[in-house]
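Me: Please take me through this structure in short questions and answers. I should like each term to be explained when it first appears.

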Amino acid sequence: PERKKLEALAQDEGLAEDFSLPGYIPDLRSLYSRADVFVLSSKYEGLPFALVEALSEGCAVVSTIAEGGVAEVLEQGALGKMVPVGNAGEMGVAIVQSLDNKEQAPDRIRRSADFESLGIAKQYIELMRSII
């Protein structure tokens with residue numbers, strides 16, 4: 001419902017050429033692979049699967065230090081910049097610093113594999129065996 005207002009604001013701020021509201025996209029992999037950086041600005045994320053998906057394409061990431069699993073997924077910030085929730089200034093700096101961060105792509109892709117369903121299922125089986 002806010003689309004027209006947001007598009008007008010982008011036009012007023014001179015950002016219309018760099019602004020897009022694409023709507024529903026069934027397969028985001030092509031977007032992640034073309035992105036310079038993926039930004040997650042949540043207050044809470046249990047398992048931030050959008051973050052895992054971005055990592056799976058080697059995308060540089062910036063995230064708020066949201067309650068939940070962000071820090072674990074990003075290995076306490078080793079695989080992406082983490083900033084305090086609500087700190088837009090630090091978020092902006094982290095985004096600029098991350099724009100050309102391609103060297104960690106293999107590590108990010110490796111980390112995303114830790115969250116694939118088969119691997120998670122094996123971990124559950126191992127946990128159950130250790131309990132029994």
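**Loop residues and overall plan**

Me: Is Glu75 buried, partly exposed or exposed?

Reply: Glu75 has a relative accessibility of 30%; buried means under 20% relative accessible area, exposed over 50%, and partly exposed in between (1.4 Å probe, protein chains only). This is a predicted model, in which local features need pLDDT of at least 70, side-chain atom pairs count only at pLDDT 80 or more, and totals for chains, interfaces and linings use all residues. Residues are numbered from 1 along each chain as its sequence is written, and side-chain values use heavy atoms, with hydrogens and water left out. Because 30% falls between the two limits, Glu75 counts as partly exposed.

Me: Is Gln76 buried or exposed?

Reply: Gln76 lies in the loop between α4 and β5, where Glu75 is also found. Its relative accessibility is 63%, and the limit for the upper class is over 50%. Gln76 therefore counts as exposed.

Me: What is the phi of Gln76?

Reply: Most residues other than glycine have a negative phi. Glu75, which is not a glycine, has a positive phi of about 50 degrees. Gln76 is likewise a residue other than glycine with a positive value, near 60 degrees.

Me: How many helices and strands does the protein chain have?

Reply: Helices (H or I, at least four residues) and strands (E, at least two) are DSSP runs, numbered from the N terminus. Along the sequence they follow the pattern α-α-β-β-α-β-β-α-β-α-α-α. The totals are seven helices and five strands.

**The sheet**

Me: In which order do the three strands of the open sheet stand?

Reply: Two strands pair if DSSP finds at least two bridges between them. Strand β3 (residues 61-64) is joined to β5 by three bridges, and β1 pairs with β3 over three bridges. The pairing is parallel, and the order is β1-β3-β5.

Me: Which strands stand at the edges?

Reply: An edge strand here has a single partner strand, so one side of it is left without a neighbour in the sheet. In this order β3 pairs with β1 and with β5. The strands at the edges are β1 (38-40) and β5 (81-83).

Me: Which residue stands opposite Thr64 in β5?

Reply: On the β1 side, Leu40 stands opposite Ser63 in β3. Both faces of β3 are covered, with Val61 and Ser63 buried on one side and Val62 and Thr64 buried on the other. Opposite Thr64 in β5 stands Val83.

Me: At about what angle does helix α3 run to β1?

Reply: Axes are lines fitted to C-alpha atoms, for helices over the stretch in contact, and angles run from 0 to 180 degrees between N-to-C directions. Helix α3 (residues 49-56) lies across β1 and β3. Its angle to β1 is about 165 degrees.

**The core**

Me: Which element gives the largest share of the largest nonpolar core?

Reply: A nonpolar core is a set of buried Ala, Val, Leu, Ile, Met, Phe, Trp, Tyr and Cys residues joined through side-chain atoms within 4.5 Å. The largest one has 15 residues, and Phe38, Leu51 and Ala54 are among those with the most contacts inside it. Two or more residues come from each of β1, α3 and α4 (70-73). The largest share, four residues, comes from α3.

Me: With which residues is Ala54 in contact, leaving aside neighbours within four places in sequence?

Reply: Ala54 lies in helix α3 and, at 0% relative accessibility, counts as buried. Contact means heavy atoms within 4.5 Å. By that rule Ala54 is in contact with Tyr32, Phe38, Cys59 and Val61.

Me: What is the centre-to-centre distance of the aromatic pair formed by Tyr32 and Phe38?

Reply: Rings of Phe, Tyr and Trp (its six-membered ring) pair if their centres lie within 6.5 Å; planes under 30 degrees apart count as stacked, over 60 as edge-to-face and the rest as tilted. The count comes to one aromatic pair. Tyr32 and Phe38 are both buried, and their planes stand at 70 degrees, an edge-to-face arrangement. Centre to centre, the distance is 5.6 Å.
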